[in-house]
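Please look over the sequence and the model below. The paragraphs that follow start with two kinds of side chain and then move out to the whole chain.

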Amino acid sequence: MNSAAREQLRAITALRWQLSVNSLRSVRGRLNLVSRGFAGLLVIGAGIGGGIAIGAAAWGITAEHKQLWLAIPFWLISIFWQLFPVMASAFTQNVDTSALLRFPMSYPTYFLVRLAYGALDIATALGACWSLGLFVGICVADIALLPWALLAVGGMVIFNLLLARMVFVWIEHWLSLRRSREVISLIFVLLMVCFQLAGPVLGRYSHLPAMQRFHLLARFIPLERALPPGLAADVVEDAGRGRMSAAVFSFLALIGYTGAVLLPLHLRLRKQYAGEIISTGEARQARIRQQDTAMRRGWKLPLASGPVSAIFEKELHYFLRSGPMLFTMIMPVVMIIILWGGRKGFLNQQAGFLFPIGAAYCLLVMNNILYNSFGGDGGGIQFFLVSPISFRKIMAAKNLAQLMVLAAELFVLWLGVSFIYQKPNLNSLGLTFAWYLLAAPLNFSAGNLLSIYSPKRIDYSTFGRQRASESAIFVSLAVQLTGMGLGALAIFIGYHYANLWISTLVLLALGVPSVIVYLVLLARIDRIALNRRETLTTELCRVQAQ
């Protein structure tokens with residue numbers, strides 16, 4: 001690396017550090033720092049604990065000369081490395097590295113910067129720690145395998161890092177196109193459903209004899225050994241058995257997979273570096289001009305003003321066009337199917353609590369929407385600020401739309417529970433309604449505050465930017481745990497007196513101050529929004545570079 005490239009990397013590092021320091025001047029920056037501190041402690045604990053566990057497993061496998069089973073930790077690390085960024089994008093910060101293209105940076109430097117930014121996420125940190133534990137465990141068991149373990153583990157670290165970056169940049173490219181964005185959203189929803197259904201599907205094979213299940217899994221061993229984690233295990237296994245030529249061949253095959261991943265990554269980053277700009281604005285405007293321009297009357301809700309009805313209609317249109325929102329809508333159905341797979345278990349004897357548990361889950365999956373109400377508006381927040389309508393009415397309309405989505409989810413949940421188990425009795429319905437009277441205003445109040453104090457623009461064209469900010473996610477989990485804890489306490493009191501109607505009364509009593517707090521906060525939301533208008537416009541009107 002020449003001196004110019006080193007200076008560029010040093011300048012980028014200093015720039016990122018100064019941006020992080022400057023972000024602490026705002027309330028949101030300080031809250032994000034606290035949430036990242038807690039997340040950092042969890043990552044450190046998971047990295048050290050997981051590294052020790054994988055290292056101990058690798059030591060036991062190598063000490064017993066069963067290196068073939070090393071494929072299991074290699075596969076576990078690889079699967080986690082690739083899936084965790086998708087499953088937990090709410091807790092990862094994806095920096096817009098394409099904005100660095102405005103600086104005089106060479107392509108090799110830009111390529112290294114993209115890899116370096118990718119190496120700073122949680123999945124890479126945990127994957128590297130666990131890989132280190134795997135390497136140490138193999139070496140402690142047999143020091144003669146040190147060079148081969150270094151090649152195998154190091155090769156898998158490089159492969160996983162490049163694969164994660166390659167998947168990231170291509171998904172980011174596809175999300176920049178409207179049609180492919182809709183397809184990817186549908187695929188993502190289907191994948192999430194498949195993950196949820198994995199337990200019941202695998203449970204159907206639990207009645208088979210152990211030998212039959214082993215033969216079923218043995219069919220996939222040739223495929224497993226032909227893929228990178230299996231090849232990495234073959235490197236150590238062949239070296240341990242003295243088959244050096246086979247170990248070299250497996251390592252070369254691993255290098256081939258790494259090159260196959262590096263090529264599409266290079267092609268995509270090279271196009272970005274060359275200044276590729278994807279815009280569907282002109283085509284979209286042409287389609288709009290061809291459409292009928294006749295005025296269409298909007299909705300008019302009973303007992304609601306025209307602006308409130310218009311915002312309510314807009315929010316529902318946003319929800320229906322959002323992939324994550326559609327995923328949220330079908331989750332009650334998925335949950336019922338999962339519970340149907342275990343209908344002979346505990347919940348079959350406690351079916352009365354099935355509807356309240358499902359209702360709590362429906363509120364939980366709404367966190368990303370409740371705690372970032374203005375995220376989908378983006379630059380449209382300017383129209384709210386200059387329009388002759390109070391923020392009290394704006395937030396009331398948004399909360400009303402969110403409440404309608406919750407009501408639709410609860411109705412779907414009620415249908416599923418009634419069809420698969422039995423209709424929820426009056427006691428169960430009363431308990432659920434009383435808990436929602438406590439939890440819904442509590443979440444709406446916290447969500448309205450966080451939507452103003454810690455807004456985050458939802459960018460559907462960039463992977464990982466469809467979630468609320470870190471501080472909002474952290475606070476939402478605390479609020480949800482508080483609501484569920486109060487509900488559990490009320491149920492415990494009802495069980496103590498052998499009457500669950502007492503639990504309903506306790507929750508109704510707790511719901512009264514929750515509603516009062518919501519109404520008081522809603523009455524003062526105009527002053528809060530006025531004081532935070534600069535934060536709202538800065539965060540929501542920020543233009544993301546392509």
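Cysteine 362 has a relative accessible area of 1%, so this residue counts as buried, the cut-off being under 20%. The structure is a predicted model. Cysteine 139 falls on the buried side as well, because its relative accessible area is 10%. A disulfide is a covalent bond between the sulfur atoms of two cysteines. A search for such bonds over the whole structure returns zero.

A charged residue can be followed in the same way. Lysine 398 belongs to helix 19, which spans residues 391–420. Is lysine 398 buried or exposed? Its relative accessibility is 0%, so lysine 398 counts as buried. What does the side chain of lysine 398 make a polar contact with? The partner is the side chain of glutamate 315, at 2.5 Å. Glutamate 315 also appears among the residues in contact with lysine 398 once neighbours within four places in sequence are set aside. That list further includes Ile311 and Lys314, then Ser373, Phe374 and Asp377, and finally Phe384.

The whole protein gives the setting for these residues. Its secondary structure consists of 24 helices, with zero strands. The protein has 546 residues, and 43% of them count as buried. Taking contacts between residues at least 6 apart in sequence, 80% join residues at least 24 apart. The accessible surface comes to about 29200 Å², and carbon and sulfur atoms account for 70% of that area.

Definitions and conventions: Residues numbered from 1 in each chain as written. Heavy atoms only, no water. Helix = DSSP H or I, 4+ residues; strand = E, 2+ residues; numbered from the N terminus. Buried < 20%, exposed > 50% of the residue type's maximum accessible area, 1.4 Å probe, protein only. Contact = heavy atoms within 4.5 Å. Areas by Shrake-Rupley, 256 points an atom, 1.4 Å probe, with all protein chains shown as cover. Disulfide = S-S within 2.5 Å. Polar contact = N/O pair within 3.5 Å; in protein donor to acceptor, adjacent residues only side chain to side chain.
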